Amino acid sequence: MKNLIEEIIGKDNRLPLIWIDETLVILIGHKEQDAIQDDVFEITERVQDKLTNTLSLIVSIGVSMPFKEIKEAKRAYREGMEALKHRMQLGKGVIVHFSTINSGKHSVIFDYPKRTEEELLVAIKLADEEKALEQLSIWMTKAFKNTQSPREYQVSMMRLLNNLLTLKQESGVSFQQIEVYHASLYEELLKLHMREEIEVWFKNRLILPLVKVFHDRRDSQFQNLSEKIIDLIQKNFDSEITLEECAAKLHYNANYLSSVFKQETNYTFSEYLAMYRFKIAKQWLVESSMTIKEIAEKLKYNNSQNFIRSFKKQEEMTPGQYREKYKKTS
């Protein structure tokens, strides 16, 4: 398809053809403004005939208004796509000029701040309140940057509201959790007319409550993961247990588990394991008849001397002295 159209429109009169989603976009240049309409009509007719006869394809073509500066190509693309929407009414194989559906006036281009919205939603899910409020402020600035009618502003507000509620629903958050009971959020939002009060409404009505829910979930999840790691340590302290093995058993990334465990316990995995083994060593010294060498081997020390040295550093006495002192007391 692309090759056939390139044969029809010489490369001196166009930029390279590109695909955007499932639409082939053609940007044509012309020196004489008065002749543009006739030439475009002739080109689009030839394109349709060529694709039908060669590939048996029935295609529809949307044509934008002419423009003078390359930076307006974005507007032209949207006008062409808007014209193509009339296929629903006109049927297959149509050529629709945007000028015929918009009284010969250019479309008003409004860039919905989609990327900022995505960053806002991510910040909410990460329970990053500061980042979420920062992205909300940026979103408001971008949404109100262009002059629009009040109704067009409302469309943007409703779109953001819809996507926040979609996040709520897909994450299994109930209205009760964000303290929305019998009120209609849509009606509340439509009653607001000032940018500042709209931003405050989004902040207090949805964003902060959602951040709190995700924060509580994260803390609960972190605590649960830390408890599982501790349980694995306590059950496998006498083996060569590693953080990587724990991560594999819990189906998590080892670096992620490391940061979670440190955040919840204030110890690294290795520190906690060594601390727990030391606790067991003191227990065995008092309650069992195992030799110091046997205890060292069971607790995976390289040799008994390392165990004795480490024990003395912690307790300021050797394992033998500890056993003698506390076994008598016991």
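# Helices, cores and salt bridges in a predicted model

S137 has its place in helix α7, which spans residues 129-143, and this residue makes a convenient starting point for reading the structure, which is a predicted model. With a relative accessible area of 29%, S137 is partly exposed. When its neighbours within four places in sequence are left aside, S137 is in contact with R195 and E199. Y301, by contrast, lies 164 residues from S137 in sequence, and the C-alpha atoms of S137 and Y301 are 56 Å apart in space.

## Two packed helices

Two packed helices are described by the angle between their axes and the distance between the axes. Helix α6, covering residues 114-125, packs with helix α10, covering residues 195-236, at an angle of about 45 degrees, and the axes of the two helices are 8 Å apart. Angles that are neither under 35 degrees, nor over 145, nor from 65 to 115 count as oblique, and α6 is therefore oblique to α10. Which residues bring α6 and α10 together? On the side of α6 they are L120, I124 and K125, which meet I207, L210, V211 and F214 in α10. Sorted by class, the contact of α6 with α10 has 6 nonpolar residues, 1 charged residue and no polar ones.

## Two nonpolar cores

In soluble globular proteins, nonpolar side chains tend to be buried together. The largest nonpolar core of this model has 34 residues, and the members of it that touch the most other members are I233, F269 and I295. At least two residues of this core come from each of the helices α10, α11 (243-250), α12 (254-265), α13 (269-287), α14 (292-298) and α15 (304-315). Of these contributions, the one from α13 is the most, with 10 residues given to the core.

What does I295 touch, once residues up to four places away in sequence are not counted? Its partners are A281, W284, L285, M290, F307 and R323. A second core, separate from the one described above, has 33 residues, and M157, M158, L189 and L210 are included in it. L210 has already appeared as one of the residues of α10 that meet α6.

## Salt bridges

Side chains of opposite charge can pair when their charged atoms come close. How many salt bridges does the structure hold? There are 9 salt bridges in the structure, and the table sets out pairs that are included among them.

| Pair | N to O distance |
|---|---|
| K71 and E69 | 3.6 Å |
| R218 and D219 | 3.7 Å |
| E315 and K282 | 3.3 Å |

The pair of E315 and K282 links distant parts of the chain, since E315 belongs to helix α15 and K282 to helix α13, and the two residues are 33 residues apart. E315 is partly exposed, with a relative accessible area of 22%, and K282, at 23% relative accessibility, also counts as partly exposed.

In the pair of K71 and E69, K71 is exposed, with a relative accessible area of 65%, whereas E69 is partly exposed, with a relative accessible area of 43%. In the pair of R218 and D219, R218 is partly exposed at a relative accessible area of 27%, and D219 is partly exposed at 28%.

## Residues in the loops

Most residues other than glycine have a negative phi, and most peptide bonds are trans. A127, although it is not a glycine, has a positive phi of about 60 degrees. The place of A127 is in the loop between α6 and α7. Is A127 buried or exposed? With a relative accessible area of 10%, A127 is buried.

H251 is likewise a residue other than glycine with a positive phi, in this case near 60 degrees, and H251 is found in the loop between α11 and α12. H251 is exposed, with a relative accessible area of 70%.

A further loop residue is A183, whose place is between α8 (150-170) and α9 (185-190). A183 is partly exposed, with a relative accessible area of 37%, and, leaving aside its neighbours within four places in sequence, A183 is in contact with E188 and R205.

Conventions. Residues are numbered from 1 along each chain as its sequence is written. This is a predicted model: local features need pLDDT of at least 70, side-chain atom pairs count only at pLDDT 80 or more; totals for chains, interfaces and linings use all residues. Side-chain values use heavy atoms; hydrogens and water are left out. Axes are lines fitted to C-alpha atoms, for helices over the stretch in contact, and angles run from 0 to 180 degrees between N-to-C directions. Helices (H or I, at least four residues) and strands (E, at least two) are DSSP runs, numbered from the N terminus. Contact means heavy atoms within 4.5 Å. Ala, Val, Leu, Ile, Met, Phe, Trp, Tyr, Cys and Pro count as nonpolar, Asp, Glu, Lys and Arg as charged, and the others, Gly among them, as polar. A nonpolar core is a set of buried Ala, Val, Leu, Ile, Met, Phe, Trp, Tyr and Cys residues joined through side-chain atoms within 4.5 Å. Buried means under 20% relative accessible area, exposed over 50%, partly exposed in between (1.4 Å probe, protein chains only). A salt bridge is a side-chain nitrogen of Lys or Arg within 4 Å of a carboxyl oxygen of Asp or Glu.
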